[in-house]
Each structure stands twice: as structure tokens, then as C-alpha cells.
Amino acid sequence: MFNKISAILILSVAFLSCSTDDNRTNNPNINPISFTISLNTNLPEYSVLQFPGNAVFVANAGVRGIFVINTGAGVRAWEATDPNHVPNECSTMVLNGVEARCSCEENTYTLYTGQDLGKQLPYTLIEYRVSQSGSGINVSN
């Protein structure tokens with residue numbers, strides 16, 4: 001009897017701890033496009049990614065470009081279009097250190113987590129898949 005109760009309790013806790021990421025994956029403002037891009041950190045434009053705390057903007061990927069950051073715990077890549085409005089002439093964000101800022105509404109996001117800074121907006125940055133091999137970084141959707 002004790003084993004049944006323990007099993008039910010464990011399964012209940014596991015089920016309740018599951019979360020959804022619908023705010024990022026079901027964003028009605030941005031229609032993701034399929035792409036793959038390779039970055040060589042031996043090249044000058046991407047060499048800063050060899051060191052934690054550095055980020056770059058890559059224009060020829062994603063919807064409006066991507067931001068790639070070395071967080072120290074790994075490399076992450078994010079869509080450069082503000083996720084909280086439909087892409088327009090001012091929705092491509094600007095890289096500012098480890099933050100991305102949209103000039104349309106002054107929304108600012110951290111590239112470490114994709115969360116906005118201070119406004120509690122409905123959508124986080126759209127994250128892309130990243131794989132690393134030696135000095136190569138592959139980013140894809």
C-alpha cells in the first residue's frame with residue numbers, strides 16, 4: 001500500500017512540475033523560417049565568441065538576423081526580431097553588449113535567458129538550436 005501511495009505521489013509531483021514554453025514556440029508575431037548557418041570562431045568577425053560574455057549579430061540568418069552569445073555555460077542563439085510585435089521597419093533589435101534592444105517600443109532583452117528586462121512582456125526571444133564542434137558553431141531552426 002505504501003509503495004502505491006509513494007508512486008502516485010512521485011508521478012503527481014513529476015506531472016505538475018512539467019511546464020510549457022508556448023509563449024516562445026507559439027508566437028503569433030513571427031513566422032520562423034528554416035535556416036542553417038555555420039560560424040567559424042577562428043574568423044575575426046566571430047572570434048569574440050571564443051570568450052564568455054561576448055555576443056555578435058549575424059545578419060544573414062533567421063527572420064531579421066540572429067544574436068549569438070557565449071554565456072560561459074555554452075553558446076545560445078536568438079532571433080533578432082522583437083518577439084512582441086509583428087516585424088516592421090524598426091523591429092530588428094540592436095545589440096548592446098549582452099542585451100538586445102528594439103527601438104520601436106524600447107523593449108530590452110537579455111541574451112543569457114531571452115527574457116525581457118523589466119516590462120514582463122508576453123513573449124521571450126525566439127531561441128534557435130546551437131551545436132558546437134571545435135571552432136565551429138552551427139545555428140539552425
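How do β4 and β8 pair, and over how many bridges? They pair in the antiparallel sense, over two bridges. The model behind this report is predicted.

## Strand β4 and its partners

Strand β4 covers residues 75–79. Four of its five residues are buried, so β4 is largely enclosed by the rest of the structure. W78 of β4 stands opposite E127 in β8. W78 also stands opposite F67.

β3 and β4 run antiparallel and are joined by five bridges. The two strands form a hairpin, with four residues between them. G72 sits in the turn and has a positive phi of about 95°.

## Aromatic pairs

A pair of aromatic rings is described by the distance of the centres and the angle of the planes. The structure holds two such pairs. F35 and Y128 form an edge-to-face pair, at 4.8 Å centre to centre and with 85° between the planes. F35 lies in the loop between α2 (22–25) and β1 (36–40), while Y128 lies in strand β8 (residues 127–133), so the pair ties together parts that are 93 residues apart in sequence. F35 counts as buried because its relative accessibility is 11%, under the 20% cut-off. Y128 counts as buried too, at 5% relative accessibility.

F57 and F67 form a tilted pair. Their centres are 5.5 Å apart, with 55° between the planes. F57 belongs to strand β2 (residues 54–58) and F67 to strand β3 (residues 66–70), so this pair ties together parts that are ten residues apart in sequence. How exposed is F57? F57 counts as partly exposed, at 38% relative accessibility. F67 counts as buried, at 0%.

## Strand β1 and its pairing with β9

In a regular strand the side chains alternate between the two faces of the sheet. The side chains of β1 alternate. I37 and L39 point to one face and are buried. T36, S38 and N40 point to the other face and are not buried.

β1 pairs with strand β9 (residues 136–140) in the antiparallel sense, over five bridges. The bridge partner of T36 in β9 is S140.

## The three-stranded sheet

Strands of a sheet pair through backbone hydrogen bonds, either parallel or antiparallel. One open sheet has three strands, in the order β5-β6-β7, with antiparallel pairing. Which strands stand at its edges? They are β5 (94–96) and β7, each with a single partner strand, so one side of each is left without a neighbour in the sheet. Neighbouring strands of this sheet are turned by 30° against each other on average, direction ignored.

Three bridges join β5 to β6, and the two strands run antiparallel. L95 has A100 of β6 as its bridge partner.

## N107 beside the sheet strands

N107 lies in the loop between β6 (99–101) and β7 (108–110). Is N107 buried or exposed? N107 is buried, with a relative accessible area of 3%.

The side chain of N107 makes a polar contact with the side chain of K119, at 3.0 Å. Leaving aside neighbours within four places in sequence, N107 is in contact with D82, N84, A100, R101, C102, K119 and L121. A100, one of these residues, is also the bridge partner of L95.

Notes: Residues numbered from 1 in each chain as written. Predicted model: local features only at pLDDT ≥ 70, side-chain atom pairs only at ≥ 80, totals over all residues. Heavy atoms only, no water. Phe/Tyr/Trp six-rings, centres within 6.5 Å; stacked < 30°, edge-to-face > 60°. Buried < 20%, exposed > 50% of the residue type's maximum accessible area, 1.4 Å probe, protein only. Polar contact = N/O pair within 3.5 Å; in protein donor to acceptor, adjacent residues only side chain to side chain. Contact = heavy atoms within 4.5 Å. Pairing = 2+ DSSP bridges. Axes fitted to C-alpha atoms, helices over the stretch in contact; angles between N-to-C directions.
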